[in-house]
Amino acid sequence: MKILYVFAHPEPRSLNGALRDVAVEELEARGHQVRVSDLYAMGWKSEVDRADFPALKPDAALSIGAASKEGFQTGTLTADVAAEIEKLLWADMLILQFPLWWFSMPAILKGWVDRVFAYGFAYGVGEHSDRRWGDRYGEGTLAGKCAMLIVTAGGWEEHYSARGINGPIDDLLFPINHGILYYPGYDVLPPFVAYQAGRLDEAGFERVAGHLRERMRTLTVTQPIPYRRQNGGDYLIPSMTLRPELEEPGATGFALHLSKGGMGKTGPTSESQPAVEKSEVAALQAG
């Protein structure tokens with residue numbers, strides 16, 4: 001399998017750096033081809049501005065969507081963005097690794113998404129009508145590929161539980177898993193999350209590293225999160241609201257967008273996954 005590994009941490013000697021090395025070593029030992037985009041080492045430009053669209057006329061107002069569409073269609077996006085798009089098309093799988101900063105990804109990684117997920121490539125794809133609302137949420141340019149997150153966090157696992165003060169980790173990561181990865185078509189595997197990142201001793205690191213190796217060994221047999229497909233009949237179009245009869249009793253918020261009974265195109269939910277995977281959806285942490 002060909003894997004693009006996008007890494008977003010400024011210190012290569014950090015826990016994140018060590019976990020990246022563990023993951024890449026295990027993947028390559030399993031025969032996978034791995035290309036790493038180390039955003040800080042690359043000096044990745046985070047912000048979207050006029051410099052991203054060199055073909056834009058000097059007197060033209062900057063409309064990001066329109067400029068992105070034009071740049072992608074005409075092959076005039078900047079070289080750094082074009083290179084990352086080429087990597088995404090090459091890869092069978094995308095892995096994003098980052099520390100959880102202020103309940104989200106670091107700005108440099110968000111900037112990678114903002115610039116690389118161009119109009120006509122990752123969004124704005126497909127027919128928009130009273131039958132379909134574009135090729136997205138289970139369809140799109142990146143359909144048939146898979147993706148996952150490797151995340152480190154400073155708090156305890158309990159802090160990110162269903163009753164935890166920080167909110168459930170699956171809810172915190174939903175905007176990334178569903179809104180960034182599933183949107184352009186990826187099948188999204190359950191995330192690997194390592195907790196108490198700044199407090200791990202040597203034994204704690206070895207435990208986390210062992211779990212991460214296991215996840216890397218089992219990528220090809222891990223069931224994706226069973227998100228509902230937008231154009232699969234579960235949503236009313238064009239309102240894009242879930243059909244009332246499909247709601248699980250008591251389900252609200254993000255949970256509504258998991259297929260009924262935890263089954264669907266992507267298979268069972270994390271609740272029915274093997275114990276090693278289930279524990280890691282909310283189990284490990286590294287910062």
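**A walk through the predicted model**

The side chains of Arg 228 and Asp 234 meet in a salt bridge, with 2.9 Å from N to O. Arg 228 is buried, at a relative accessible area of 3%. Asp 234 is buried as well, and its relative accessible area is 19%. Side chains of opposite charge can pair when their charged atoms come close.

This is a predicted model. The protein chain has a mean pLDDT of 89, and 90% of its residues reach 70 or more. Over residues 262-287, however, the pLDDT is below 50. Beyond near neighbours in sequence, that stretch still has 85 contacts in the model.

The pair described at the start belongs to a set of charged contacts, for the structure holds 18 salt bridges. One of them joins Arg 217 to Glu 26, whose closest N and O atoms are 3.8 Å apart. Arg 217 lies in helix H7 (residues 202-217) and Glu 26 in helix H1 (residues 15-29), so this salt bridge ties together parts that are 191 residues apart in sequence. Arg 217 counts as partly exposed, at 34% relative accessibility, whereas Glu 26 is buried, with a relative accessible area of 12%.

Another salt bridge links Arg 131 and Glu 127, and here the closest N and O atoms are 2.9 Å apart. Arg 131 is exposed, with a relative accessible area of 56%. Its partner Glu 127 is partly exposed, with a relative accessible area of 34%. Elsewhere, salt bridges form a network that links Lys 45, Asp 49, Asp 52, Asp 80 and Arg 115.

From the charged residues the path leads to the nonpolar ones. In soluble globular proteins, nonpolar side chains tend to be buried together. The largest nonpolar core has 47 residues, and the members that touch the most others are Leu 88, Leu 94, Leu 96, Phe 98, Leu 109, Trp 112 and Leu 181. Several elements each supply at least two residues of this core: strand E1 (2-7), helix H4 (79-90), strand E3 (93-99), helix H5 (107-116), strand E4 (146-152) and helix H6 (169-182). H6 gives the most to this core, with 8 residues.

Trp 112 shows how such a core residue is surrounded. Leaving aside its neighbours within four places in sequence, Trp 112 is in contact with Leu 4, Val 6, Leu 39, Trp 44, Glu 84, Leu 88, Leu 94, Leu 96 and Phe 117. There is also a second, separate core of 25 residues, which includes Met 93, Phe 192, Met 216 and Leu 219.

Strand E3 deserves a separate look. It is mostly covered, as 7 of its 7 residues are buried. In a regular strand the side chains alternate between the two faces of the sheet. In E3, Met 93, Ile 95, Gln 97 and Pro 99 point one way, while Leu 94, Leu 96 and Phe 98 point the other way, and all are buried. Leu 94, Leu 96 and Phe 98 are among the residues that touch the most other members of the largest core, whereas Met 93 is one of the residues in the second core.

E3 also has strand partners. It pairs with E1 in the parallel sense over 5 bridges, and Tyr 5 stands opposite Ile 95 in E3. E3 and E4 pair in the parallel sense too, over 7 bridges; there, Leu 94 stands opposite Ala 147 in E4. Together, E3, H5 and E4 make a right-handed β-α-β unit.

The last stop is the backbone in two loops. In the loop between strand E7 (235-236) and strand E8 (241-242) sits Pro 238. A cis peptide bond joins Ile 237 and Pro 238, with omega about 15°. The loop between E7 and E8 also holds Met 240, a residue other than glycine with a positive phi, near 60°. Met 240 is partly exposed, with a relative accessible area of 21%.

The other loop runs between strand E6 (192-194) and H7, and Gln 196 lies in it. Phi of Gln 196 is near 50°, again a positive value in a residue other than glycine. At 30% relative accessibility, Gln 196 counts as partly exposed.

Definitions and conventions:
Residues numbered from 1 in each chain as written. Predicted model: local features only at pLDDT ≥ 70, side-chain atom pairs only at ≥ 80, totals over all residues. Heavy atoms only, no water. pLDDT = per-residue confidence, 0-100. Contact = heavy atoms within 4.5 Å. Salt bridge = Lys/Arg side-chain N within 4 Å of Asp/Glu carboxyl O. Helix = DSSP H or I, 4+ residues; strand = E, 2+ residues; numbered from the N terminus. Buried < 20%, exposed > 50% of the residue type's maximum accessible area, 1.4 Å probe, protein only. Core = buried A, V, L, I, M, F, W, Y, C linked by side-chain atoms within 4.5 Å. Pairing = 2+ DSSP bridges. Right-handed = clockwise from strand over helix to strand, strands pointing away.
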